[in-house]
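These are my notes from going through one structure, entry by entry, in the order in which I looked things up.

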Amino acid sequence: MLYELCSAEAAGWMNALGLCFAFLGTILATKLLASKLPQDGGRQFAVNGSLSKGKPRGAGIIFVLVFLVASILFIPVDTEMAIYLICLLAAMLTGFFDDAAKNPWSELKKGLLDLVIAIVVAVNFLMHKPNVFYMPFTDTAVHIPVILYGILIVILVLVCINVTN
């Protein structure tokens, strides 16, 4: 949004401003909203699981929402980027609602939701980008069959979602 109002020469400044906005916004929002987050009930079978009881969970909702606002304000958002941002929001919401639930979601339910998100990301990527990448430090182009590339993207996104969660 704001990105479109500035000249091409100011794009670097907009990136820096967006970074500062996201950093300071996350700090401020976390300080203001931490008490509203769901609280950990402790882990019954974990070593020292009771030590986590009462700690806030699901802070990713704050981080991701601030990131989304910063992205919309400070970078050019086309259809491709909008779909990625929606998928990011969806992935965060599935994790947040799982954390906030009195009874945690089943692995199957969470896994299927993550799989749908990963497939949407892969399809979006393949619709907007070629199935080619270049080897580092060379001009060698590597063409990967679209189906294989899509599968690799889905695996990468699933791993990223689960590592973050």
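Entry 1, the loop residue. I began with Phe137, which I count as exposed because its relative accessibility is 87%, above the cut-off of 50%. The model is a predicted one, and I keep that in mind for every value noted here. Phe137 sits in the loop between β1 and β2, the latter covering residues 141–143. I then looked up its backbone and found a positive phi of about 65 degrees, although Phe137 is not a glycine. I noted this because most residues other than glycine have a negative phi.

Entry 2, the strand before that loop. I moved to Phe133, which belongs to strand β1, residues 132–134. Is Phe133 buried, exposed or partly exposed? I read a relative accessible area of 32% for Phe133, so I enter this residue as partly exposed. I also checked its distance to Ile144, which is eleven residues away along the chain, and found the two C-alpha atoms separated by 8.3 Å.

Entry 3, the overall layout. I stepped back and counted five helices and two strands in the protein. Reading from the N terminus on, I wrote the order of the elements down as α-α-α-α-β-β-α. Of the 165 residues in the protein, 27% are buried.

Entry 4, the salt bridges. How many salt bridges does the count come to? I found two, and I went through them in turn, with the general point in mind that side chains of opposite charge can pair when their charged atoms come close.

In one of them Glu80 pairs with Lys129, and the closest N and O atoms are 3.0 Å apart. This pair links distant parts of the chain, since Glu80 is in helix α3 while Lys129 is in the loop between α4 and β1, 49 residues apart. I looked up the accessibility of both partners: Glu80 counts as buried because its relative accessibility is 9%, whereas Lys129, with a relative accessible area of 35%, is partly exposed.

In the other, Asp114 forms a salt bridge with Lys110, with 2.9 Å between the closest N and O atoms. Here both residues lie in helix α4, four residues apart, which is about one turn of the helix. Asp114 has a relative accessibility of 1% and therefore counts as buried, and Lys110, at a relative accessible area of 8%, is buried as well.

Entry 5, the largest pocket. I next looked at the largest pocket and noted a volume of about 510 Å³. It is lined by 22 residues, and those closest to its centre are Leu88, Ala91, Met92, Ile161 and Thr164. Which helices each supply at least two residues of this lining? I listed α2 (60–74), α3 (79–100), α4 (107–128) and α5 (146–164). The largest share of the lining comes from α3, with eight residues. Sorted by class, the lining of the largest pocket holds 15 nonpolar, five polar and two charged residues.

Entry 6, a nonpolar patch on the surface. I then turned to the surface, where Ile147, Leu148, Ile151, Leu152, Ile155, Val159 and Val163 form a nonpolar patch. Together these residues have about 670 Å² of accessible area. I took Leu152 as an example, a residue that lies in helix α5. Leu152 is entered as partly exposed because its relative accessibility is 41%, which falls between the cut-offs of 20% and 50%.

Entry 7, two further residues in helices. Where is Thr30 placed? I found Thr30 in helix α1, residues 11–33, and its relative accessibility of 25% is the reason why I count it as partly exposed. Its C-alpha atom and that of Phe63, 33 residues apart along the chain, are separated by 8.0 Å.

I closed with Asp98, which is found in helix α3. Asp98 counts as buried because its relative accessibility is 17%, a value under the cut-off of 20%. For the pair of Asp98 and Lys109, eleven residues apart along the chain, I noted a separation of 9.9 Å between the C-alpha atoms.

How values were computed
Residues numbered from 1 in each chain as written. Predicted model: local features only at pLDDT ≥ 70, side-chain atom pairs only at ≥ 80, totals over all residues. Heavy atoms only, no water. 1 Å grid on protein atoms, 1.4 Å probe; cavity = no way out; pocket = protein on both sides within 12 Å on 5 of 7 lines; lining within 4 Å. Points joined across faces, edges and corners; volume = space filled by probe spheres on them. Nonpolar A, V, L, I, M, F, W, Y, C, P; charged D, E, K, R; others polar. Patch = residues over 30% accessible without salt bridge, like charges linked within 9 Å, V, L, I, M, F, W, Y side chains within 5 Å. Areas by Shrake-Rupley, 256 points an atom, 1.4 Å probe, with all protein chains shown as cover. Salt bridge = Lys/Arg side-chain N within 4 Å of Asp/Glu carboxyl O. Buried < 20%, exposed > 50% of the residue type's maximum accessible area, 1.4 Å probe, protein only.
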